[in-house]
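Please open the model in your viewer and keep the sequence panel beside it. The stops below can be selected one after another.

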Amino acid sequence: MIAAEENQLLTQTDPGTPCGALIRRYWQPVALSEELPAGGAPIKVKILGEELALFRDDQKRPGLIGRHCSHRGTDLSYGRVEDGGLRCLYHGWLYDICGRVIDQPGEPGGGANKAAIRHLAYPCQEIGGVIFTYMGAGEPPLVPNYEFLTVAPENRTVVKAFYECNYLQGNEGNIDPVHLSFLHQYLSEVQVARLRVVKEVNATDNTLLAKDVAPNIEVEVTNFGLRIYTTRDAGADKRYLRVTNFVMPNLSAFGGSTVGDGYAVHWHVPIDDRHHWKYIFAFSRTSELDEFLRTRSRVELTDDYRLAKNGGNRYQQDRASMKTQTFTGMGSNFQVHDAFATESQGAVQNRTEENLVSSDKAIVAARKLILNGIKDVQQGREPQHVVRDAKANAFPNLVVISDVIAKSMDWKEYTRSREQR
């Protein structure tokens, strides 16, 4: 349980809020590249409570600018992409990707004082199928050199899903190891395509998670955030080790379908305090992703990245299937399970009413890191995991593991041996 003031501090991200100031110190996804094809229309976006327009100029560069024209407030997302920028439909003012007014055609000479106007604009970079933006103060840091962004396009996939809840409760679901033994449990594995089998015990992850529902959990602070060790009994002197990660300030890395040769990431980006986008990444270091892996997270998503099963239709829960198929009765799609669990907490979870237990230690630790980051920004310091040194822009210790090992083995030493060199 935390105080109402602390809950507000962690969850409010609009301009002028302390947590909003923290999150703005990091590059954030603002759209998928597929949403903004070359020659395509601008799109309106809302991120961290700000209304913006995203477009590609005639050099195919993404630009993110304030949605409302600096002249008289007309919506620029309807504008014309031409002549090196985005032109307002009302009076023809033309903006480049840096927010400069480069033409005022209704003024003598194209606008003698146009250079004095600087429209709101945020820098963008396009990496790994995603358009990122930096909305913070000062010189932008480096975009972290994450593996899931830099492997070959055929080895990675990304999509996003709309969630009707605050970003924090979305991300806290990723760093809660116990829920895997319940929320995502398949009662029958026959119905599910391509469950991973752990060869050492000839059992699926699903079976191992169900076998020991009260795991041992330890956390360790790292340069990027938090490493989470979870160990479960796997019988016959064996231990099931899972290593996952909270990455400052609003993403997590965990097993997924490519674990062993890659991992999955959920990056939770606030739209406002009551809604967010979850960007869903998966990658393999050495193999191309086949059609199943490439499209798995797109199942049951509409064309505008909404879940077909949602709170409006009670996630299409089938209570009969709870007896023989899945724990939730909501089908096999983890994204639907996650949406139910986090959206049903309320748009902004009231953490003054929660009762945390020992298995919530990763959530407690992650909140402390966010609060420390907020304090760092307030006191003029660089928060954790803001990267400015190119030599330090690598994260070999961002390790994800889902293995069965001998009980006699030191699992922390085993994890360190798996770090990428």
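What follows is a tour by selection, with a few words on what is found at each stop.

This is a predicted model, in which local features need pLDDT of at least 70 and side-chain atom pairs count only at pLDDT 80 or more, whereas totals for chains, interfaces and linings use all residues. Residues are numbered from 1 along each chain as its sequence is written, and side-chain values use heavy atoms, with hydrogens and water left out.

**Helix α1**

Begin by selecting residues 4–11, helix α1, where Asn7, Leu10 and Thr11 are buried. Helices here are DSSP runs of H or I with at least four residues, strands are runs of E with at least two, and both are numbered from the N terminus; buried means under 20% relative accessible area, exposed over 50%, and partly exposed in between, with a 1.4 Å probe and protein chains only. Viewed down the axis of α1, the buried residues fall within an arc of 85 degrees, so they line one face of the helix; the arc is that of the directions from the helix axis to the C-beta atoms. Add α2 (18–23), α4 (167–172) and α8 (361–378) to the selection, since the buried residues of α1 pack against these helices.

**Strand β11 and its partners**

Next select residues 130–133, strand β11, which is covered on both faces: Val130 and Phe132 are buried on one side, and Ile131 and Thr133 on the other. Strand β1 (residues 28–32) pairs with β11 in the antiparallel sense over 4 bridges, where two strands count as paired if DSSP finds at least two bridges between them. Ala31 is the residue opposite Ile131 in β11. Strand β10 (residues 124–127) is likewise joined to β11 by 4 bridges and runs antiparallel, with Cys124 opposite Thr133. Between β10 and β11 lie the 2 residues of a hairpin turn, in which Gly128 has a positive phi of about 60 degrees.

**An open sheet**

Which strands make up the open sheet with the order β5-β6-β7-β8? Its 4 strands are those just named, in antiparallel pairing. β5 (80–82) and β8 (101–103) stand at the edges with a single partner strand each, so one side of each has no neighbour in the sheet. Inspect β6 (residues 85–87) and β7 (residues 94–95), joined by 2 bridges, and find Leu86, whose bridge partner in β7 is Tyr95. Then show the side chains of Arg80, Glu82, Asp83, Arg87 and Asp103, which are linked in a network of salt bridges; a salt bridge is a side-chain nitrogen of Lys or Arg within 4 Å of a carboxyl oxygen of Asp or Glu.

**Strand β20 and Cys165**

Select residues 275–284, strand β20, in which 9 of the 10 residues are buried. Strand β19 (residues 262–272) pairs with β20 in the antiparallel sense over 10 bridges, and the two form a hairpin with 2 residues between them; Tyr279 in β20 is the bridge partner of Trp267. β12 is joined to β20 by 8 bridges, also antiparallel, and Thr157 has Ala282 as its bridge partner.

From β12 (156–163), move into the loop that leads to α4, where Cys165 is found. Is Cys165 buried or exposed? Cys165 counts as buried, because its relative accessibility is 0%. Not counting residues up to four places away in sequence, Cys165 touches several residues, among them Arg274, His275 and Thr342, contact meaning heavy atoms within 4.5 Å. Cys165 and Thr342 are 177 residues apart in sequence, yet their C-alpha atoms are 6.9 Å apart in space.

**Individual salt bridges**

The structure holds 27 salt bridges, and two of them make the last stop. Select Arg388 and Glu382, whose closest N and O atoms are 2.6 Å apart; Arg388 is partly exposed at 39% relative accessibility, and Glu382 is partly exposed at 38%. Finally select Arg418 and Asp403, a salt bridge with its closest N and O atoms 2.4 Å apart. This pair links distant parts of the chain, with Arg418 in the segment after α9 (411–417) and Asp403 in strand β21 (residues 401–406), 15 residues apart. Arg418 is partly exposed at 25% relative accessibility, whereas Asp403 is buried with a relative accessible area of 16%.
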